[in-house]
Amino acid sequence: MRAQFVLSEIGVGLRRNLTMTIAVVVSVALSLALAGASLLVRDQVNSMKGYWYDKVEVSIYFCTKSEAKTSAQCSAGAATDQQIQDVKTQLDKMPLVKSSTFESSAEAYKRWKDTNPNNPLLAAVGADAMPPSWRVKLNDPEKYDVVQSAFAGKPGVKSVEDQRKILENLFGLLNGLQTAAFVIMVLMLFVALLLIVNTVRVSAFSRRRETGIMRLVGASNFYVQMPFIAEAAFAALLGAIMASGLLLAGHFFVQNFLAQRVQFITFIGLSSVLTVIPLLVVVGMGMAGIAAFITLRKYLKV
């Protein structure tokens with residue numbers, strides 16, 4: 001009987017405040033969708049870092065003849081075979097080094113030509129202009145500075161470069177998007193809370209006669225407040241379902257459209273989205289229930 005009463009009161013409240021309930025559902029849906037998107041962007045960034053940082057290399061470039069007059073570091077001329085071998089010997093003694101591969105000027109030129117087939121500089125630049133290098137993989141890519149300090153400035157070495165720097169701009173952009181989504185999410189959650197509080201207040205005021213009768217017959221605080229709390233939680237549940245639908249739609253868009261065009265990124269799978277959805281439901285209903293409970297303690301004293 002009590003459960004039937006609570007359910008009937010939820011229906012009454014939703015019908016009486018239909019417009020505000022729709023506003024609560026939409027605002028909760030948008031805020032939770034942004035919260036879920038923020039979590040998924042974080043997972044995507046972490047996944048990409050784990051994938052790409054494992055593949056990045058430290059390149060130790062050597063001087064060429066063409067750079068003898070243009071680079072102070074290469075003023076002594078092109079690197080000798082002995083200087084290149086000395087770097088290899090030192091690399092082999094470093095526990096940090098996972099592997100090292102030598103790339104000659106001809107190999108570097110061929111790789112550059114294959115990746116830039118339409119570059120107009122191909123006709124003007126020959127293989128001699130491309131510096132030979134040791135391409136080094138590290139057991140811990142975060143310790144690039146150890147290699148940089150060990151070889152920068154050595155005879156015949158032009159520069160030491162870490163490919164990870166190329167990726168930092170991409171990861172910085174993704175982290176910026178995550179931060180923006182988080183800020184907007186906080187603002188939307190605040191708006192949703194205000195709407196929930198106002199909806200509960202209006203609902204309590206419109207049903208003050210019924211609650212007054214319940215007071216007279218000795219109903220407990222919990223029994224009087226439960227329909228209002230359940231009403232807010234139900235609206236939040238609808239918002240969480242909408243937010244889940246938005247995240248799933250976004251996932252299928254990424255997998256079926258974006259992933260086909262941006263093939264150098266491995267996007268996170270459906271399992272990550274399904275992991276976030278229950279969290280959105282719990283957070284949405286919990287937020288609405290707590291907000292309604294606190295509001296009712298002030299506006300529905302028994």
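In the predicted model, a nonpolar patch of about 520 Å² is found on the surface, where it is made by L18, I22, V26, L30, M242 and L246. Two elements, α2 (18-53) and α8 (221-261), each give two or more residues to this patch, and the largest share, amounting to four residues, comes from α2. Among the contributing residues, M242 lies in helix α8. With a relative accessible area of 41%, M242 is classed as partly exposed, because this value falls between the limit of 20%, under which a residue counts as buried, and the limit of 50%, over which a residue counts as exposed.

Apart from the patch, the model contains an open sheet of four strands, which are arranged in the order β2-β3-β1-β4 with antiparallel pairing. The edge strands of this sheet are β2 (97-103) and β4 (157-162), each of which pairs on one side only. On average, and with direction ignored, neighbouring strands of the sheet are turned by 20° against each other.

Within the sheet, the pairing of strand β1 (residues 58-62) with strand β3 (residues 133-138) is antiparallel and extends over four bridges; in the pairing with β3, V58 stands opposite V136. Helix α5 (residues 144-151) packs on the sheet, where it touches β1, β3 and β4, and the direction of helix α5 makes an angle of about 175° with that of β4.

Technical notes
Residues numbered from 1 in each chain as written. Predicted model: local features only at pLDDT ≥ 70, side-chain atom pairs only at ≥ 80, totals over all residues. Heavy atoms only, no water. Pairing = 2+ DSSP bridges. Axes fitted to C-alpha atoms, helices over the stretch in contact; angles between N-to-C directions. Contact = heavy atoms within 4.5 Å. Patch = residues over 30% accessible without salt bridge, like charges linked within 9 Å, V, L, I, M, F, W, Y side chains within 5 Å. Areas by Shrake-Rupley, 256 points an atom, 1.4 Å probe, with all protein chains shown as cover. Salt bridge = Lys/Arg side-chain N within 4 Å of Asp/Glu carboxyl O. Buried < 20%, exposed > 50% of the residue type's maximum accessible area, 1.4 Å probe, protein only.
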